[in-house]
Amino acid sequence: MDPVSGALEFTGERFVPGARGEIWVEHWHRYHFAARFAAGMRVVDAACGEGYGSALLARTAASVVGADLSADAIAHAKATYAGVANLSFVQAPCTKLPLADASADLFVSFETVEHIGEQEEFLDEIARVLAPEGLLLLSCPNKREYSDRRGFANEFHVKELYRDELESLVARRFRHARWYGQRPSFFSVIAPEPSAQAGHLAEVSEDSPAEAAEALGEPLYFLVAASRSTGALDRLPPTLSVLADRGDWVHRDYEKVMRELGITVARGEALEKQVAELARGRDEAIRSRDEALAWAGGLDSRLAQAERTVSEQSRALAERDGEILRRGGLRWWLRLPFVRLFGLPPR
């Protein structure tokens, strides 16, 4: 937490209001979905983080208790939402909540179970705190879509779950369940006025837009509504829930990213051309250097030969100069007739 502003830093471990991108849509949508069932209820929000979701539920709930392991998160939540009379916060692990048995009508915990290794203990604690007729709303990433298909690893996730694993975990405590799938995307929304009473979903693919399915083929997140009572689930009509971004924040952010990506790609292509030109210049310089070295090598050879020739000529010239000096003396001329008469060697 920032010691000056008191704001929680977004590290990727937990969502905080103001974080941009699809994470904003994902988290706010879950709490708006849960708020439909919080009216007049005693609500527990486990792993509440910054507290924004607990505060949203408190608008209609009888009471809300937000719990989180982080001391910074709880301190921030208490300071930020101090004016909400029916809202309180406690610092505690989700596997050991300081709450009485059967003290909650609605237990909410979004994107929590994958962050802990004690998943069985967590579900046991939910079952203890939740009233017999109470309702659990639990969300979890779909491991096959979230990690496997995308080749993505979230450093804060301890154990992600496939659908059958999550189903088994919930079913051992709650006999009745209703499943929902969540996937953030760009949607075209056609909504009746003044408000929608039911929903319609048509999922299509780009290569076959005429073929529509009435359910998400592979959701990114599972949201499970579970209870030990069928009556609690009857409060959840299987209607479609859509969170519309009034300011088109996510779409504008996407467009901004795509514009910046286009600029980056253009710069990259320009740099590639420059690199290619530099590479060609380098190759030409290497060829010129090699030719110069070859020419210099030939020049060295010719120079050595010339030096040898000059040396030989200098030696011959020296011999001739010596002979000239010798013959230029009086003694040589006086001896010459005897050399010719008697065949004496010249000297």
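Before we start, one definition: contact means heavy atoms within 4.5 Å. Keep in mind, too, that this is a predicted model.

**Exercise 1. Get an overview of the chain and decide where to read it with care.**

Step 1: Start with the secondary structure. The protein chain has nine helices and nine strands.

Step 2: Look at burial and surface. Of its 347 residues, 34% count as buried. The chain exposes about 21500 Å², and carbon and sulfur atoms supply 55% of that area.

Step 3: Check how far apart in sequence the contacting residues lie. Among contacts between residues at least 6 apart, 69% join residues at least 24 apart.

Step 4: Turn to confidence. The pLDDT averages 84 over the protein chain, with 84% of the residues scoring at least 70. Over residues 1–5, however, the pLDDT is below 50, and this stretch has seven contacts in the model beyond near neighbours in sequence. Where pLDDT is low, the predicted coordinates should not be read in detail.

**Exercise 2. Trace the unit formed by E2, H3 and E3, and explain how the buried residues of H3 are placed.**

Step 1: Find the strand pair. E2 (residues 63–68) and E3 (residues 87–91) pair in the parallel sense over five bridges. As one example, alanine 67 has valine 90 of E3 as its bridge partner.

Step 2: Follow the connection. From E2 the chain passes through helix H3 (residues 71–80) to E3, a β-α-β crossover that is right-handed.

Step 3: List the buried positions of the helix. In H3 these include Ala73, Ile74, His76 and Ala77. They sit on the same side of H3 because they cover an arc of only 160 degrees around the axis.

Step 4: Ask what covers them. The cover of the buried H3 residues includes E2 and E3.

**Exercise 3. Work out how strand E9 is paired and covered.**

Step 1: Identify its partners. E5 and E9 run antiparallel and are joined by six bridges; here proline 141 stands opposite tyrosine 221. E6 and E9 also run antiparallel, joined by seven bridges, and glycine 181 stands opposite phenylalanine 222.

Step 2: Count the buried residues. In E9, seven of seven residues are buried.

Step 3: Sort them by face. In a regular strand the side chains alternate between the two faces of the sheet. In E9, one side holds Tyr221, Leu223, Ala225 and Ser227, while the other holds Phe222, Val224 and Ala226. Both faces are covered.

**Exercise 4. Compare the surroundings of helices H6 and H4.**

Step 1: Take H6 (residues 163–171), where Leu166, Leu169 and Val170 are buried. Their arc around the axis is only 95 degrees, so they lie on the same side of H6.

Step 2: Name the cover. For the buried residues of H6 it includes helix H4 (119–129) and the strands E5 (130–141), E6 (176–182) and E9 (221–227).

Step 3: Now view the packing from H4. Its buried residues are Gln119, Phe122, Leu123, Glu125, Ile126, Ala127 and Val129. They pack against E1 (42–46), E4 (104–110), E5 and H6.

**Exercise 5. Is serine 229 buried or exposed, and which residues does serine 229 contact?**

Step 1: Locate the residue. Serine 229 lies in the loop between E9 and helix H7 (230–234).

Step 2: Apply the cut-off. Serine 229 counts as buried because its relative accessibility is 9%, and buried means under 20%.

Step 3: Set aside neighbours within four places in sequence. Serine 229 is then in contact with Pro132, Glu133 and His176.

Technical notes:
Residues are numbered from 1 along each chain as its sequence is written. This is a predicted model: local features need pLDDT of at least 70, side-chain atom pairs count only at pLDDT 80 or more; totals for chains, interfaces and linings use all residues. Side-chain values use heavy atoms; hydrogens and water are left out. Helices (H or I, at least four residues) and strands (E, at least two) are DSSP runs, numbered from the N terminus. Buried means under 20% relative accessible area, exposed over 50%, partly exposed in between (1.4 Å probe, protein chains only). Accessible areas come from the Shrake-Rupley method with a 1.4 Å probe; for residues, only the protein chains shown count as cover. Two strands pair if DSSP finds at least two bridges between them. A crossover is right-handed if, with the strands pointing away from the viewer, the path from the first strand over the helix to the second runs clockwise. The arc is that of the directions from the helix axis to the C-beta atoms. pLDDT is the predictor's confidence in each residue, from 0 to 100.
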